Amino acid sequence: MVVARTARERARVEITAEILAAARAQLGEVGPSQLSLRAVAREVGMVSSAVYRYFASRDELLTALIIAAYDELGAAAEAAEEAVEDRTDHLARWMATCRATREWAISHPHDYALIYGSPVPGYAAPQDTVMPATRVIVRLVEIIVAAHGSGTAAESTQPPATAADPSGVVADAMAFIAERSDVDLEALPELVMRTLMVWSAIFGTLSFELFGHLKGSVSDYEGYFEQTVLRLAGDLGLAE
């Protein structure tokens, strides 16, 4: 049974949304390090002391903004992947997820900068940001696991003979993935290693684009991203 919200509860939800919207607008103007509860209060027509009834500190407001950004990005990536009708076409699912990730980043540069840009001085993200932050990589891992579990993925390229066994290096990632899949990935440390490499490469490419580091080297940013994620899919055995 759905319990209707009281008028007070509805008002709190609405005011909280107004505060978050004003704070997001301020991010675009001054950046996260200069986010000010006083300025946000002015924007929504409240005295600064009233805002503290909704967010106890600037850090609490930052955390809410970070979680919202991660969740929006994750939702966009998940929706694009779920729209692929042929669930056995793992490459199509992969490309849809990656494309949606870039589209969201390009459309929300200030939100992207908040979660993937320079750390905010004096701010430490709490544990409750971790799950929202992993939504994109969890979806990519699900695609990789499905491809390898179905036997349709090509064998991963072998590492150089001089490369050490990555099991110890990626132990945390293997535990994380094992909690979210039925595949015994402890037997596939090389695949986990490559998945982490791919994850950092995808967001590294996006960060290079959004923060201007591709200027003078790349003339077609969208095409470059497309080629990059396609090659990364090949490293994981997804591309033909």
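**A walk from Glu 78 to helix 8**

Leaving out neighbours within four places in sequence, Glu 78 is in contact (heavy atoms within 4.5 Å) with Arg 135 and Arg 139. This is a predicted model, in which local features need pLDDT of at least 70, side-chain atom pairs count only at pLDDT 80 or more, and totals for chains, interfaces and linings use all residues. Residues are numbered from 1 along each chain as its sequence is written, and side-chain values use heavy atoms, with hydrogens and water left out.

Glu 78 sits in helix 4; helices here are DSSP runs of H or I, at least four residues long, numbered from the N terminus. Because its relative accessibility is 16%, Glu 78 counts as buried (under 20% relative accessible area, 1.4 Å probe, protein chains only).

Now follow helix 8, residues 135-150. Its 16 residues, at 1.5 Å a residue, should span 22 Å (1.5 Å times one less than the number of residues), and the end C-alpha atoms are 23 Å apart, which agrees. Among its buried residues are Arg 139, Leu 140 and Ile 144. The buried residues of this helix pack against helix 4 (58-82), helix 5 (90-107), helix 9 (171-178) and helix 10 (189-210). Just after helix 8, Gly 151 takes a positive phi of about 80°.

Leu 140 also belongs to the largest nonpolar core, which has 58 residues. Such a core is a set of buried Ala, Val, Leu, Ile, Met, Phe, Trp, Tyr and Cys residues joined through side-chain atoms within 4.5 Å. Leu 140 is one of those with the most contacts inside the core, as are Ile 19 and Leu 61. Not counting residues up to four places away in sequence, Leu 61 touches several residues, including Ile 19 and Phe 55.

Note on methods. Helices (H or I, at least four residues) and strands (E, at least two) are DSSP runs, numbered from the N terminus. Buried means under 20% relative accessible area, exposed over 50%, partly exposed in between (1.4 Å probe, protein chains only).
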